[in-house]
Amino acid sequence: MAQAKINAKMNDASKGKFTRTMSMADRSGRLLESLDQIEMRVEALREEATAMEQERESLIEIIQSIQNSQEMRSICDGEREELSLTATRLMGRALTVHVSVDTIRNSQQEEAVKKAIAIIDEIATKMLEDMEAARKRLQALHAACVTDAPPVPVDQKFQSIVISCALEDQKKIKRRLETLIRNVDNAEKTIKIMDNQKVDHSSLANGK
């Protein structure tokens with residue numbers, strides 16, 4: 001009798017409880033919310049990695065600029081050797097950092113970025129042969145990558161290629177062209193300074 005009363009009370013209690021099961025729509029909503037949060041974190045990760053990649057490129061460019069600077073040439077041999085060793089060490093450490101953000105491309109975008117890289121590489125390999133021509137060519141390519149009306153002629157063929165590239169590739173192409181243009185400018189400045197020094201030395205040797 002006592003057991004029967006206990007069972008009856010338990011049955012009454014269970015009848016009074018509100019049981020709720022998660023519907024398929026609720027589960028789907030939760031999963032979608034989780035994926036949305038993950039997507040934001042993935043994009044943030046890619047942006048951070050891209051920023052690190054750009055920082056690496058910037059540091060390497062700065063070190064190269066110091067190595068080739070007029071200030072480096074104007075100091076005494078002992079100090080120049082010490083600074084050169086430090087710059088070389090820093091360059092070596094910078095080059096040990098490998099950051100890569102792969103770009104998802106379709107077949108058309110893959111073909112377009114290959115064409116763009118090939119055009120830029122061809123100019124870069126011949127840059128020292130005629131720096132003035134290289135600068136004009138690079139500026140025309142860079143003008144094809146900007147939306148504002150550039151003050152230089154636009155390479156229409158290259159522009160059509162860049163437009164076919166993925167957005168991330170377009171940014172990388174523009175950034176590389178800017179770096180190459182700066183390198184040409186710095187190299188020309190160095191050559192002009194060295195030429196002026198030769199003239200000064202020649203004048204001094206002739207007693208002028």
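Reader: Which residues make the nonpolar surface patch of about 260 Å²?

Author: Leu35, Ile38 and Val42 make that patch. One caveat up front: this is a predicted model.

Reader: Noted. Where does Ile38 sit, and is Ile38 buried or exposed?

Author: Ile38 belongs to helix α2, which covers residues 24–67. With a relative accessible area of 46%, Ile38 counts as partly exposed, because that value falls between the 20% and 50% cut-offs.

Reader: Let me zoom out. How many helices and strands are there in the chain?

Author: The chain has 8 helices and 0 strands. Read from the N terminus, the order of elements is α-α-α-α-α-α-α-α.

Reader: And what share of the residues is buried?

Author: Of the 208 residues in the chain, 22% are buried.

Reader: Back to α2, then. What about Leu45, buried or exposed?

Author: Leu45 is another residue of helix α2. Its relative accessible area is 55%, so Leu45 is exposed; the cut-off for that is over 50%.

Reader: How far is Leu45 from Val101?

Author: In space, 9.7 Å from C-alpha to C-alpha, while in sequence Leu45 and Val101 are 56 residues apart.

Reader: Switching to charges. How many salt bridges turn up in the whole structure?

Author: A search of the whole structure gives 12. One of them pairs the side chains of Arg46 and Glu168, at 2.8 Å from N to O.

Reader: Why does that pair tie together parts that are apart in sequence?

Author: Because Arg46 is in helix α2 and Glu168 is in helix α8, the bridge ties together parts that are 122 residues apart in sequence.

Reader: How much of each partner is accessible?

Author: Arg46 has a relative accessible area of 22% and Glu168 has 31%. Arg46 is therefore partly exposed, and Glu168 is partly exposed too.

Reader: Which salt bridges have both partners in one helix?

Author: Arg80 and Asp77 are one such pair: both are in helix α4 (residues 77–95), 3 residues apart, about one turn of the helix. Their side chains meet at 2.2 Å, N to O. Lys174 and Glu178 are another pair, both in helix α8 and 4 residues apart, again about one turn. The closest N and O atoms of Lys174 and Glu178 are 2.8 Å apart.

Reader: Take the α4 pair first. Are Arg80 and Asp77 buried or exposed?

Author: Arg80 is partly exposed at 24% relative accessibility, whereas Asp77 is exposed, with a relative accessible area of 55%.

Reader: And the α8 pair, Lys174 and Glu178?

Author: Lys174 is partly exposed, with a relative accessible area of 28%. Glu178 counts as partly exposed as well, at 25% relative accessibility.

Reader: Which residues are joined into one network by salt bridges that share partners?

Author: That would be Arg105, Glu110 and Asp169.

Reader: OK, pockets. How much space lies in the largest pocket?

Author: About 540 Å³. There are 20 residues lining that pocket, and the closest to its centre are Glu57, Lys172, Arg175, Arg176 and Thr179.

Reader: Which elements give two or more residues to the lining?

Author: Helices α2, α5 (107–125) and α8 (167–205) do. The largest share comes from α8, with 9 residues.

Reader: How do the lining residues divide into nonpolar, polar and charged?

Author: The lining of the largest pocket has 10 charged residues, 5 polar and 5 nonpolar.

Reader: Last one, still on α8. Is Ile181 buried or exposed?

Author: Ile181, which is found in helix α8, is buried, with a relative accessible area of 15%. That follows because buried means under 20%.

Reader: How far is Ile181 from Arg135?

Author: Their C-alpha atoms are separated by 6.1 Å, although Ile181 and Arg135 are 46 residues apart along the chain.

Methods:
Residues numbered from 1 in each chain as written. Predicted model: local features only at pLDDT ≥ 70, side-chain atom pairs only at ≥ 80, totals over all residues. Heavy atoms only, no water. Patch = residues over 30% accessible without salt bridge, like charges linked within 9 Å, V, L, I, M, F, W, Y side chains within 5 Å. Areas by Shrake-Rupley, 256 points an atom, 1.4 Å probe, with all protein chains shown as cover. Salt bridge = Lys/Arg side-chain N within 4 Å of Asp/Glu carboxyl O. Buried < 20%, exposed > 50% of the residue type's maximum accessible area, 1.4 Å probe, protein only. 1 Å grid on protein atoms, 1.4 Å probe; cavity = no way out; pocket = protein on both sides within 12 Å on 5 of 7 lines; lining within 4 Å. Points joined across faces, edges and corners; volume = space filled by probe spheres on them. Nonpolar A, V, L, I, M, F, W, Y, C, P; charged D, E, K, R; others polar.
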